[in-house]
Amino acid sequence: MSERQVIIGTNRTGAQMSPEGTARQLEATRMFPADVPGDMSAYTAERERAIREADLIGSVPAPGSAKGVVKTALDKTIGKAPEVLLDKLGERLAFERTGVRLYEAMVAKATSAPGANPALVDTLRQIQAEELEHMNLVREAIETLGADPTAMTPCADMVGVKAMGVLQVLTDPRTTVSQSMSAILTIELEDNAAWELLIELARAGGHPLIAKRFEHALQQEETHLATVRQFIRDDLLAQVS
Ligand SMILES: [Fe+2]
């Protein structure tokens, strides 16, 4: 796609556009100081106090407590510190589920953009299908450990909050394909690092069969990342050539 996605227009956000307005803005900061007195160290001290007093975000349900779970032959042993692995599995499940939705938003963007690129839409659909496969892979792993995949673990909660910015970029009707793909890049970079870590964690926790199954997902994530990076590069270079 070589359609220009950046335009020159009447952008007045720079301070140099209005020296008089900038002087008035500086005066206003003196007239109306922040309502929390002090400098940055006061904020840090306040944050430290809040951290000491806060509870954790949540907990991991006791492994093996899920009702009606059909145990598979896969890694039946509960493993070492299963709550650590279960928390991260819950995170991956939440992330991959969100990933399917993020790609759906990306497809809408790619389909309706000026100079829509059908090849990009096909690629996005394929990646989306793989994110869904990964979600089911994680669900099965959680069930294998006798846990409930519908339980929201603390890291699952955290990862949902983390993805909110990406979701906002993708669902904002004004963002371009380039901008949206850069949001997708954030997701794929994290996906790669996270699967790598999850494999190591599963192995260390005494679940070599789960780790083995996850390796395929990591390979697919590596391809996702390479594909997204290549698209972003080609798209931007086409706009300047
Ligand atoms: Fe991915």
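The axes of helices H3 and H5 (residues 154-162) come within 7 Å and cross at roughly 35°. Keep in mind that this is a predicted model. Below is a quick tour of that pair, two other helix pairs, and the iron site.

**H3 with H5**
- H3 goes past H5 in a right-handed crossing.
- On the H3 side, the touching residues are Asp 87, Lys 88, Gly 90, Glu 91, Ala 94 and Phe 95, and H5 brings Pro 154, Cys 155, Ala 156, Met 158 and Val 159.
- Sorted by class, the contact of H3 with H5 comes out as 7 nonpolar, 1 polar and 3 charged residues.

**H3 with H6**
- H3 (residues 82-112) also packs on H6 (residues 164-171), here at an angle of about 20° with the axes 9 Å apart.
- Angles under 35 degrees count as roughly parallel, so that label fits H3 and H6.
- The crossing of H3 past H6 is left-handed.
- Leu 102, Ala 105, Met 106 and Lys 109 from H3 meet Val 166, Leu 167, Leu 170 and Thr 171 from H6.
- That contact of H3 with H6 holds 6 nonpolar, 1 polar and 1 charged residues.

**H4 with H8**
- H4 (residues 118-144) and H8 (residues 208-240) pack at an angle of about 155°, with 11 Å between their axes.
- The cut-off for roughly antiparallel is an angle over 145 degrees, so H4 and H8 qualify.
- H4 and H8 make a left-handed crossing.
- H4 contributes Leu 120, Thr 123, Ile 127, Glu 130, Glu 131, Glu 133, His 134, Leu 137, Glu 140 and Ala 141 to the contact.
- H8 answers with Ile 210, Arg 213, Phe 214, Ala 217, Gln 220, Glu 221, His 224, Thr 227 and Phe 231.
- The class split for H4 with H8 is 8 nonpolar, 5 polar and 6 charged.

**The iron site**
- The iron ion has protein donors from Glu 131 (OE), Glu 188 (OE, listed twice), Glu 221 (OE) and His 224 (ND1), at 1.9 to 2.7 Å from the ion.
- Along the chain, these donors follow the spacing E-x56-E-x32-E-x2-H.
- Glu 188 sits in H7 and His 224 in H8, so this pair ties together parts that are 36 residues apart in sequence.
- Glu 131, Glu 221 and His 224 are iron donors that also turn up in the contact between H4 and H8.

**H7 and what follows**
- H7 (residues 177-204) has 28 residues, so at 1.5 Å a residue it should span 40 Å, and its end C-alpha atoms are indeed 40 Å apart.
- Just after H7, Gly 206 adopts a positive phi of about 90°.

Key. Residues numbered from 1 in each chain as written. Predicted model: local features only at pLDDT ≥ 70, side-chain atom pairs only at ≥ 80, totals over all residues. Heavy atoms only, no water. Axes fitted to C-alpha atoms, helices over the stretch in contact; angles between N-to-C directions. Helix = DSSP H or I, 4+ residues; strand = E, 2+ residues; numbered from the N terminus. Parallel < 35°, antiparallel > 145°, perpendicular 65-115°, else oblique. Left-handed = near helix turned anticlockwise from the far one by under 90°. Contact = heavy atoms within 4.5 Å. Nonpolar A, V, L, I, M, F, W, Y, C, P; charged D, E, K, R; others polar. Expected span 1.5 Å × (residues − 1). Donors = N, O, S within 2.8 Å, 3.2 Å for Na, K, Ca; no water.
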